[in-house]
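Good morning, colleagues. Please have the sequence and the structure in view while I go through the fold with you.

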Amino acid sequence: TSIRGFTTTMIERWDQLADHEKLSFLDTIENQAKRLNRLVDGVLLVSRIQAGAASNVRQSVDLAATARDAVAELELDVDVDVSGGTTTVEADPDQIHQIFVNLLVNARRYGTPPIRIGLESDERDVTVRVSDEGEGVPAEFVPFLFDNFTQAPRPRPIQGSGLGLAIVKGLVETADGDIWYEDNRPRGACFIFRLRHS
């Protein structure tokens, strides 16, 4: 709607618009086009996951290093704490990166700092916790958290596609892992996923 609206205005009023207005309109159009592209990419990825057509590349991936890369990419102030042994698993490195990015973006968008990533390794698995200290998820909404196109009700709407957590769940399960939600203590949200060691 924004793309069509601003494009129509520019076509109809081109000679009446000042240069700074044209640039502002074009900036809005570009940002909305990028958002639309992300939405289409998300829908296509969910479709591939649900069809069992997601990449099944398996190679050694260090979860702690990937978490730190995602934190740096998003320019977040997030602690990454590791306890136990190695945090290496067999998975698709791009998919693991996407999992961390989506969970961090979700925490930034809906939660409240501090955001933390904790990794705990034992002989069999690596368990990852991504937490914040915001309001958490209403109990009645928890069963729908990982569904397509869902967002928890908020006092004010927050822009998003409602696909981020569905993608995370699909990618974790593609890597033969499990993911779930728990309330953070003393407050906030905590998303936990577990993957087998390589």
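Let us begin at S121, whose bridge partner in β5 is V126. This is a predicted model. The two strands concerned, β4 (residues 115-121) and β5 (residues 125-131), are paired in the antiparallel sense, and six bridges connect them.

Both strands belong to an open sheet of five strands with mixed pairing, in the order β2-β4-β5-β7-β6. At its edges stand β2 (78-84) and β6 (178-183); each has a single partner strand, so one side of each is left without a neighbour in the sheet. On average, and ignoring direction, neighbouring strands here are turned by 15° against each other.

I turn now to the helices. Helix α3 (residues 63-74) packs on the sheet, where it touches β2, β4, β5 and β7 (189-196). The direction of α3 makes about 175° with that of β2. Helix α5 (residues 164-174), for its part, lies across β6 and β7 and runs at about 135° to β6.

What, then, of the interior? The largest nonpolar core comprises 48 residues. Those with the most contacts inside this core are L63, F100, L104, I117, V128 and F193. Helix α4 (residues 93-110) supplies the largest share of the core, namely eight residues.

Which residues does F193 touch? Leaving aside residues up to four places away in sequence, F193 touches I99, F100, L103, V126, T127, V128, V172, D178 and I179. That list includes V126, the bridge partner of S121 with which I began.

Key: Residues numbered from 1 in each chain as written. Predicted model: local features only at pLDDT ≥ 70, side-chain atom pairs only at ≥ 80, totals over all residues. Heavy atoms only, no water. Pairing = 2+ DSSP bridges. Helix = DSSP H or I, 4+ residues; strand = E, 2+ residues; numbered from the N terminus. Axes fitted to C-alpha atoms, helices over the stretch in contact; angles between N-to-C directions. Contact = heavy atoms within 4.5 Å. Core = buried A, V, L, I, M, F, W, Y, C linked by side-chain atoms within 4.5 Å. Buried < 20%, exposed > 50% of the residue type's maximum accessible area, 1.4 Å probe, protein only.
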